[in-house]
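Trainee: Could we go through this model together? I would like to understand the reasoning behind the words people use for it.

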Amino acid sequence: MCKLVVTICVCFLFGIAFSQTEYTHDVYFNTDEYTVPKTEENRLLLFIHKLKDTHDAIASISIYGFCDDVGAHTYNMVLSQQRADAIKAIFSNNKIDESLITNVDGKGEILLKIVNEKDILKIRGLNRKVEIIVKTKPPKPVVKKTVKEKKKTVTEKIKGELKVGDKIVFENILFKTGYSTVTPESKKILERIAKALLERDDIYFTIQGHVCCTQNSRDALHKKTKKRNLSVVRAKYVYDYFAKKGVDTKRMRYVGLRRKFPLGGDPKFDRRVEILITYVGGNENQ
């Protein structure tokens, strides 16, 4: 049979973007041969060179060999496999990791390709080939880092913009279970709050005491006095502490709200005190 080399300019992307999922390259062969023609080898080497630039982005390489429609099926199956093996050898010899090559298969003959060409020899030349399919890894999702707004402390809230009706929970002011006294760590925080209230002398407020672990909105039992008024005495404890630190008593009052407003979650957070702003500057609402 007459030997014929058909060189086809195949358009493919050399600028391999990580968003790309698949691209291909074809290598064409002479009739009845599996040795890669020199011109085709040069094209293949250029393709491999471009692959090396993005080697880490490659997920898999598949190599499929084909023959034209001439010849016995068994012969074509062997020849197409030999062509696929020849391409794999070139990849391996040019430092492409063999573990990336997931398929090296001979597919046998394929039907005449329908192209804008009337010469049957040229059409068959298009079918004597190896198809190379390179799949890239999916792009890593871009994780946008959200900047969390820093939570304001109680003292920062007191010094900030306030209006009548605002509530400020005294976070980290924890009471001993069953008593109106705070823990030693909480007392240090309470001192800083008192200093902030001294600086912010334009606000009036009500100190509200709360308890946990009772039913039907009842107040809790004060273990020291055996009276069921724990929310009241906790609010009064804070009131007395502020007064001792110099906060004008005309600016504040206290009230016990029993267990009317549980926060849910850990019961320790219901054993709390918060202030309700009742007056700011010239806006009084008592």
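Mentor: Happily. This is a predicted model. In it, α5 and α6 pack with their axes 10 Å apart, at an angle of about 60°.

Trainee: What makes α5 oblique to α6?

Mentor: Set the angle of about 60° against the cut-offs: under 35 degrees is roughly parallel, 65 to 115 roughly perpendicular and over 145 roughly antiparallel, with the rest oblique. The angle falls in none of those ranges, so α5 is oblique to α6. The crossing of these two helices, α5 and α6, is right-handed.

Trainee: Which residues make the contact between α5 and α6?

Mentor: From α5 come Lys 187, Leu 190, Glu 191, Ile 193, Ala 194 and Leu 197, and from α6 come Tyr 237, Val 238, Tyr 241 and Phe 242.

Trainee: Then there is the other pair of helices. Why is α1 called oblique to α2?

Mentor: The angle between α1 and α2 is about 50°, and their axes are 11 Å apart. Since 50° is not under 35 degrees and does not reach the 65 to 115 range, α1 counts as oblique to α2. α1 passes α2 in a right-handed crossing. On the α1 side the contact involves Glu 41, Leu 44, Leu 45, Ile 48 and Leu 51, while α2 supplies Ile 87, Ile 90 and Phe 91.

Trainee: Now the salt bridges. How do you know that Lys 236 and Asp 240 form one?

Mentor: The closest N and O atoms of Lys 236 and Asp 240 are 2.8 Å apart. The rule asks for a side-chain nitrogen of Lys or Arg within 4 Å of a carboxyl oxygen of Asp or Glu, so this pair qualifies. Both residues lie in helix α6 (residues 230–244), 4 residues apart, about one turn of the helix. In general, an α-helix has 3.6 residues a turn, so residues three or four places apart point the same way.

Trainee: Why are Lys 236 and Asp 240 called partly exposed?

Mentor: Lys 236 has a relative accessible area of 34%, and Asp 240 has 35%. Buried means under 20% and exposed means over 50%, so both values land in between.

Trainee: What makes Glu 98 and Lys 88 a salt bridge?

Mentor: Their closest N and O atoms are 3.9 Å apart, and the limit is within 4 Å, so the pair counts. Glu 98 sits in the loop between α2 (73–93) and β3 (101–109), and Lys 88 is in helix α2, 10 residues apart, so the pair links distant parts of the chain. Glu 98 is partly exposed at 45%, and Lys 88 is partly exposed at 28%.

Trainee: What about Glu 199 and Lys 159: are they buried or exposed?

Mentor: Exposed. Glu 199 has 57% relative accessibility and Lys 159 has 52%, so each passes the 50% mark. Their side chains meet in a salt bridge at 3.8 Å, N to O. Here Glu 199 is in helix α5 (residues 184–199) and Lys 159 in helix α4 (residues 154–159), 40 residues apart.

Trainee: How many salt bridges does the rule give?

Mentor: The count comes to 13. There is also a network of salt bridges linking Asp 26, Lys 129 and Glu 131.

Trainee: On to the sheet. What makes β1 and β3 edge strands?

Mentor: The open sheet has 4 strands in the order β1-β4-β2-β3, with mixed pairing. β1 and β3 each have a single partner strand, so one side of each is left without a neighbour in the sheet. From one strand to the next, the twist averages 15°. Inside the sheet, β2 and β4 pair in the antiparallel sense over 7 bridges, and Tyr 64 stands opposite Glu 131 in β4.

Trainee: One last point. What is notable about phi of Lys 226?

Mentor: Phi of Lys 226 is near 65°, a positive value in a residue other than glycine. Lys 226 lies in the loop between β6 (203–209) and α6. Its relative accessible area is 60%, over the 50% cut-off, so Lys 226 is exposed.

Note on methods
Residues are numbered from 1 along each chain as its sequence is written. This is a predicted model: local features need pLDDT of at least 70, side-chain atom pairs count only at pLDDT 80 or more; totals for chains, interfaces and linings use all residues. Side-chain values use heavy atoms; hydrogens and water are left out. Buried means under 20% relative accessible area, exposed over 50%, partly exposed in between (1.4 Å probe, protein chains only). Two strands pair if DSSP finds at least two bridges between them. Axes are lines fitted to C-alpha atoms, for helices over the stretch in contact, and angles run from 0 to 180 degrees between N-to-C directions. A crossing is left-handed if the near helix is turned anticlockwise from the far one by less than a right angle, and right-handed if clockwise. Contact means heavy atoms within 4.5 Å.
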